[in-house]
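Reader: I should like to work through a structure feature by feature. Please give the general idea where there is one, and then the case at hand.

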Amino acid sequence: MKKSSVKAPPQRGIMLRVRVCMAERGIRSVAALHRMLIDNGVEISHPQLLRVVDNRAHHLSVPVLNGILNVLGCRVDELFGEQAQMNV
């Protein structure tokens, strides 16, 4: 039997663009963003926020997402992007 040479299309993944949005708004550190979130009543640990900012978070709660959107003053489509992932 002959194997098919048709390749599957690349998988798409969601990418968080928090660091880009921070830079566009002059927020230079995760610590500064963390203070702003705490001041707005959003509870998130610094290590967890660092994972979100570095696009390494496996999940994100709606209250934290809302807090980031409010603090950064951005829209959902500015905060999320799309990236191709390699098929395994």
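Reader: How many helices and strands does the protein chain have?

Author: This is a predicted model, and its protein chain has five helices and two strands. Along the sequence these elements follow the pattern β-α-α-α-α-α-β.

Reader: Where in the protein chain is confidence lowest, and where is it highest?

Author: As a general idea, where pLDDT is low, the predicted coordinates should not be read in detail. In this case the protein chain averages a pLDDT of 90, and 88% of the residues score at least 70. Confidence is lowest in strand β2, residues 80-85, with a mean of 83. Helix α2, residues 30-39, has the highest value, at 98.

Reader: How should one read the largest nonpolar core, and which residues have the most contacts inside it?

Author: In soluble globular proteins, nonpolar side chains tend to be buried together. Here the largest nonpolar core has 22 residues, and those with the most contacts inside it are V18, L33, L37, L49, I68, L72 and L79. Helices α1 (18-24), α2, α3 (46-53) and α4 (62-72) each supply at least two residues of this core. The largest share, six residues, comes from α4. Buried residues make up 30% of the 88 residues in the protein chain.

Reader: Which residues does L79 touch?

Author: Leaving aside residues up to four places away in sequence, L79 touches M15, L16, R17, V18, C21, L65, I68, L69, L72 and C74. For the protein chain as a whole, among contacts between residues at least 6 apart in sequence, 63% join residues at least 24 apart.

Reader: Which residues of α2 are buried, and what covers them?

Author: The general idea is that an α-helix has 3.6 residues a turn, so residues three or four places apart point the same way. In α2 the buried residues are V30, A32, L33, H34 and L37. Their cover includes α1, α3 and α4. Just after α2, G41 takes a positive phi of about 80 degrees.

Reader: Why do C21 and C74 form no disulfide with each other?

Author: A disulfide requires the two cysteine sulfur atoms to lie within 2.5 Å. The sulfur of C21 is 4.2 Å from its closest cysteine sulfur, in C74, which is too far for a bond. The structure accordingly holds zero disulfides. Both cysteines are buried: C21 has 0% relative accessibility, and C74 has a relative accessible area of 10%.

Reader: How many salt bridges does the structure hold, and which residue forms one with R19?

Author: The structure holds six salt bridges. R19 forms one with D54, the closest N and O atoms being 2.7 Å apart. This pair links distant parts of the chain, with R19 in helix α1 and D54 in the loop between α3 and α4, 35 residues apart.

Reader: Are R19 and D54 buried or exposed?

Author: The class lies between those two words, as partly exposed covers what falls between under 20% and over 50% relative accessible area. R19 is partly exposed at 40%, and D54 is partly exposed at 31%.

Reader: Which residues are linked in a network of salt bridges?

Author: The network links E24, R25, R75, D77 and E78. Within it, the side chains of R75 and D77 meet at 2.9 Å, N to O. R75 also forms a salt bridge with E78, at 3.9 Å, N to O.

How values were computed: Residues are numbered from 1 along each chain as its sequence is written. Side-chain values use heavy atoms; hydrogens and water are left out. pLDDT is the predictor's confidence in each residue, from 0 to 100. Helices (H or I, at least four residues) and strands (E, at least two) are DSSP runs, numbered from the N terminus. A nonpolar core is a set of buried Ala, Val, Leu, Ile, Met, Phe, Trp, Tyr and Cys residues joined through side-chain atoms within 4.5 Å. Buried means under 20% relative accessible area, exposed over 50%, partly exposed in between (1.4 Å probe, protein chains only). Contact means heavy atoms within 4.5 Å. A salt bridge is a side-chain nitrogen of Lys or Arg within 4 Å of a carboxyl oxygen of Asp or Glu.
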